[in-house]
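Trainee: Could we go through this model together, step by step?
Mentor: Gladly; here it is.

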Amino acid sequence: MNTTYTEPLDFGRVVERANGTIHRTEVMLGALTWFAITATTWLGLFALDNLLDLPTALRFPFSITGLIITVAAFFKCVVGALRTHRSNEQVALMLEKKFGIEGNVLINTVQFEEMGYSDKQKDFIAATASEATTGWSHVPLSELWQPVRMAKWWAVFAVLMVLWIGYYVMEPGYLKNAFSRYAFSFSDTPPAAAASLIMSPAE
């Protein structure tokens, strides 16, 4: 009986750990999303400059656009995820909805931990905690890491890394030249394959 009575306190810590797992997962997914957006944007801009030898009048606004996308995506995907915090009660409700746990037993158990109650309520609280524990036992904890979404974004990360590494290994001159032309948009840096024409006066 005593063991059942102390269930709410233990369950509150379980939900708190689940809250931390969900938060870390969202931060990681946000970072992967930001990397995908940024890497794709700049890869496209670099390739565009290599292929079309963009004039300064176009290259400068493209570089500003790429910078804005990079910074905006960072704040939305990474900073936004870092600043998002949920209470244990919000997490309990979310888990009930996601995993079909009925009767609001998770949120009730978490709330019972934070409130005072009389001796007459002990049996009801113990029964609620027992139901919450039963419902929690059917929750696949690995799902808190969102393995499907995580695998998708790690695959995108791997593909983009392969493309960037291949770009660097196969055409290092084009990569470095495109970088310098965007970094110094008002300089007249020629493309990597530009021909050099030397004229000398006739004798």
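Trainee: How many helices and strands does the secondary structure of the chain come to?
Mentor: The elements follow DSSP runs, where helices are H or I over at least four residues and strands are E over at least two, numbered from the N terminus. From the N terminus on, the order reads α-α-α-α-α-α-α-α. The secondary structure thus comes to eight helices and zero strands.

Trainee: In which helix is confidence highest?
Mentor: This is a predicted model, in which local features need pLDDT of at least 70 and side-chain atom pairs count only at pLDDT 80 or more, whereas totals for chains, interfaces and linings use all residues. Residues are numbered from 1 along each chain as its sequence is written, and side-chain values use heavy atoms, with hydrogens and water left out. The pLDDT, the predictor's confidence in each residue from 0 to 100, averages 80 over the chain. Confidence is lowest in helix H1 (residues 2–5), at a mean of 40, and highest, at 95, in helix H7 (residues 147–170).

Trainee: Is Val169 buried or exposed?
Mentor: Val169 lies in helix H7. Buried means under 20% relative accessible area, exposed over 50%, and partly exposed in between, with a 1.4 Å probe and protein chains only. Because its relative accessibility is 60%, Val169 counts as exposed.

Trainee: What span is expected for helix H8 at 1.5 Å a residue?
Mentor: The expected span is 1.5 Å times one less than the number of residues in a helix. Helix H8 (residues 172–183) has 12 residues, and its reach of 16 Å from first C-alpha to last is close to the expected 16 Å.
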